[in-house]
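Work through the exercises below with the sequence and the model open side by side. Try each task before reading its solution.

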Amino acid sequence: MPDRPEIVCICGSTRFVDEMSTANRDLTFAGVIVVAPGVFLSAEDREADKSITNEQKTALDALHLRKIDLADRVLVVNPGGYIGESTSREIAYAHATGKQVSFTDPV
């Protein structure tokens, strides 16, 4: 048993910012250290597709994998069972590195 709180990495589509925020809050109140996406694009930003470059997207994706490395386990926030392409890659990475993966909604 570690001498520190559990570390959980939240994964999921950034369109679920409210749901991720709720999961983050609930886990934090439960004494968990939470690592989560740090950039959330608004619907307008996604439609404009100009607020983030391909290089920034690639760097953010790589950074999130490092967050998974730090975590003891992964929580996928997936309202309605939705799992997108990026989240699927993160789940595969988590499994490949031996991390336990759980979901907020049935897959």
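The exercises go from the overall layout to single residues.

This is a predicted model, in which local features need pLDDT of at least 70 and side-chain atom pairs count only at pLDDT 80 or more, while totals for chains, interfaces and linings use all residues. Residues are numbered from 1 along each chain as its sequence is written, and side-chain values use heavy atoms, with hydrogens and water left out.

**Exercise 1. Layout**

Task: Find how many helices and strands the protein has, and give their pattern along the sequence.

Solution. Step 1: take helices (H or I, at least four residues) and strands (E, at least two) as DSSP runs, numbered from the N terminus. Step 2: this gives four helices and four strands. Step 3: read along the sequence, they follow the pattern β-α-β-α-α-β-α-β. Step 4: for contacts (heavy atoms within 4.5 Å) between residues at least 6 apart in sequence, 77% join residues at least 24 apart.

**Exercise 2. Strand 1 and its partners**

Task: Determine which strands pair with strand 1 and in which sense.

Solution. Step 1: two strands pair if DSSP finds at least two bridges between them. Step 2: strand 2 (residues 33–35) pairs with strand 1 in the parallel sense over three bridges, and V8 has V34 as its bridge partner in strand 2. Step 3: between these two strands the chain passes through helix 1, in a right-handed β-α-β crossover. Right-handed means that, with the strands pointing away from the viewer, the path from the first strand over the helix to the second runs clockwise. Step 4: strand 3 also pairs with strand 1 in the parallel sense, over four bridges. Here I10 has L75 as its bridge partner, and C11 stands opposite V76.

Task: Decide whether the residues of strand 1 are buried or exposed.

Solution. Step 1: buried means under 20% relative accessible area, exposed over 50%, and partly exposed in between (1.4 Å probe, protein chains only). Step 2: of the 107 residues of the protein, 33% count as buried. Step 3: in strand 1, five of the five residues are buried, so this strand is largely enclosed by the rest of the structure. Step 4: I7, C9 and C11 cover one side, V8 and I10 the other. In a regular strand the side chains alternate between the two faces of the sheet.

**Exercise 3. Strand 3 and R73**

Task: Identify the strand that pairs with strand 3 over four bridges and lies at the other end of a β-α-β unit with helix 4.

Solution. Step 1: strand 3 (residues 73–76) pairs with strand 4 (residues 100–103) in the parallel sense over four bridges. Step 2: in strand 4, Q100 is the bridge partner of R73, and S102 is that of L75. Step 3: together with helix 4 (residues 85–96), strands 3 and 4 make a right-handed β-α-β unit.

Task: Describe the surroundings of R73 in strand 3.

Solution. Step 1: R73 and L75 point one way from strand 3, V74 and V76 the other, and all are buried. Step 2: R73 has a relative accessible area of 15%. Step 3: its side chain makes a polar contact with the side chain of E6 at 2.7 Å. A polar contact is a pair of N or O atoms within 3.5 Å; within protein, one must be able to donate a hydrogen and the other to accept it, and residues adjacent in sequence count only if both atoms are side-chain atoms. Step 4: leaving aside neighbours within four places in sequence, the residues in contact with R73 are E6, I7, V8, C9, L27, Q100 and S102.

**Exercise 4. H64**

Task: Say where H64 lies and whether it is buried or exposed.

Solution. Step 1: H64 belongs to helix 3 (residues 54–70). Step 2: its relative accessibility is 6%, so H64 counts as buried. Step 3: not counting residues up to four places away in sequence, H64 touches C9, I10, C11, A36, P37 and E90.
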